[in-house]
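Q: Please take a close look at the salt bridges of this structure, residue by residue, and state the cut-off behind each term.

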Amino acid sequence: MKKTLSLLLALLMLALPACASDPTPPAEDTTAAADTTAVVTETTEPAIPNDKLPADLDYKGATFRAYTRLKYFYHGEMFIAEANGETLNDARFDAKIKVEERLKVSFKEDYYGLVDYTDNDAPRNLLLSGDATYDIFNGRHVNMFNYAAEGLAQKLTDIPNVDLSALWWDEEFSNEVTLGKEKYFALGAYNLTTYDSIHMLLFNKKLYDDLGVEEKRLGGKSVYEVVRDGKWTLDLFKSTITDVSADLNGDSKMTEVDRYAYVTPSKQIMPSFLLGMDQYMLKKDENNFLYNNMEGNENFYNMFTAIMDMMWDNNNWHPTVASTTDAQEQAEYDMFKTGLGMYCDSTGGNVSSYREMEVDFGILPYPKLNEDQENYRARSEYPELFVIPQVNNRQAMTGAVLEALSSEYYRSVRPVYFDLSLEGRDTRDSESADMLDIIYNNRVFDFGDTIFCSEIRDGKLRFMLVEKNYDLTSALASIAPKVNQKMDTLNEGFGKK
């Protein structure tokens, strides 16, 4: 991805004068003004290592079967059935064919969840009955955690041919979805939902320019430079939204036809900002088991209050109802598309929906708490997970398929996803591609935002935001019995004594 970015910048240097915010400045000009020769330096990424699978693996044409939840808003398929001329689809199809030919296997995939959310638990009966039709189940993280906790899944450490320390398994991010000592889950490169589900900030570049945000609030620096310098903090973000909201039609009311600093459905706000500041709702202790990080945590309370104030001060946020429909959520995103919001939340999988905007937009990570915070954090909301059923006795082939598919995706599909689907067409500027590196290299998973979504995020925090309810102590006490019971069940299911 860096190589693509460097080549793009080189082309821009040939066509345009250099500007102060260029991430890679041109070489010092020692020629006469009339000499327009440009020196292009190509950045070469380190070679991607090969996986360590034996070269002579041959599964004699065996069929590997997957049962996969599929939704319209992410790339959930494990195997693409056919080429269709679309670049990403065809890269995924080619990867599948390469692995089939390499391992002498064929892939078959059936789907569930196509209509609504009522069959998210569809694999359960198959797992309980010992049905051996499928070698792997892919689905909603909540359900997969339940299956593993109930003893219906095999440990990944019992599966041969899988090297969980390899680049294509993103060991650090995979550890985020691990409880206890045993590994049941890992996030391989073939699983594009791990990128689809990452949250980021979009900003309207025209509003930034029209309102003089960089000149007035960022000391004349580009916001990209501020991010790269590690100075993109909550306080600085708040300064950029000062005096942005405006009653455009002059009716003395702030409605959906007016301009706001931030337009986003209510349920996405608290977790996106909290996790950006490294404030988890639920954390893991020294033994890798869950505990409640909110109760009695002064830092968490302070950050919660700061976000509440920031949203409600000066009409910064266009308020929505708590329980939004898909149509109501889309209406918020449409406000950004039509220029009525300076910032908007997006996931990686949703960035492409903004490509028809007439106004250019850029991509940023959510702000850090302060400059002392080492890394930016990017929230992963809904990565799909897989489980290997206990009845699967073809562990070696299963491991080889997972390893070969993930290594091939890392090599040939991941760059297409980044460069074409995100960097090339959708982000409109090369510096946003730099931001994507920061975002995707700092992915985090909060159980309070995901596995405990119905109890904490959607069950309580989004209602508190909409209702301007600052009483976090009482709110947490009201959900403590449900949260603690579920937390105990999960912890015990993953080995806590």
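A: A residue is called buried under 20% relative accessible area, exposed over 50%, and partly exposed in between (1.4 Å probe, protein chains only). The model is predicted, so local features need pLDDT of at least 70 and side-chain atom pairs pLDDT 80 or more, while totals for chains, interfaces and linings use all residues. Residues are numbered from 1 along each chain as its sequence is written, and side-chain values use heavy atoms, without hydrogens and water.

Across the whole structure, 27 salt bridges are found, each a side-chain nitrogen of Lys or Arg within 4 Å of a carboxyl oxygen of Asp or Glu. Three of these pairs are described below.

The pair of E182 and K155 has an N to O distance of 3.8 Å between the side chains. Because E182 belongs to the loop between α5 (171–176) and α6 (193–196), and K155 to the loop between α4 (141–149) and α5, their contact ties together parts 27 residues apart in sequence. E182 has a relative accessible area of 30% and is therefore partly exposed. K155, at 28%, is likewise classed as partly exposed.

In the pair of R228 and E431, the closest N and O atoms lie 3.4 Å apart. This salt bridge links distant parts of the chain, for R228 sits in helix α9 (residues 223–228) and E431 in helix α15 (residues 430–440), 203 residues apart. Helices here are DSSP runs of H or I with at least four residues, strands are runs of E with at least two, and both are numbered from the N terminus. The accessibility classes of the two partners are not alike: R228 is partly exposed, with a relative accessible area of 30%, whereas E431 is buried, at 9%.

For R457 and E381, the closest N and O atoms are 2.8 Å apart. R457 is part of helix α16 (residues 453–466), and E381 is in the loop between β10 (378–379) and β11, so the salt bridge ties together parts 76 residues apart in sequence. Both R457 and E381 are buried. They also belong to one network, in which salt bridges with shared partners join R379, E381, D449, R457 and D458.

Taken by accessibility, E182 is partly exposed, as is K155; R228 is partly exposed and E431 buried; and R457 and E381 are both buried.
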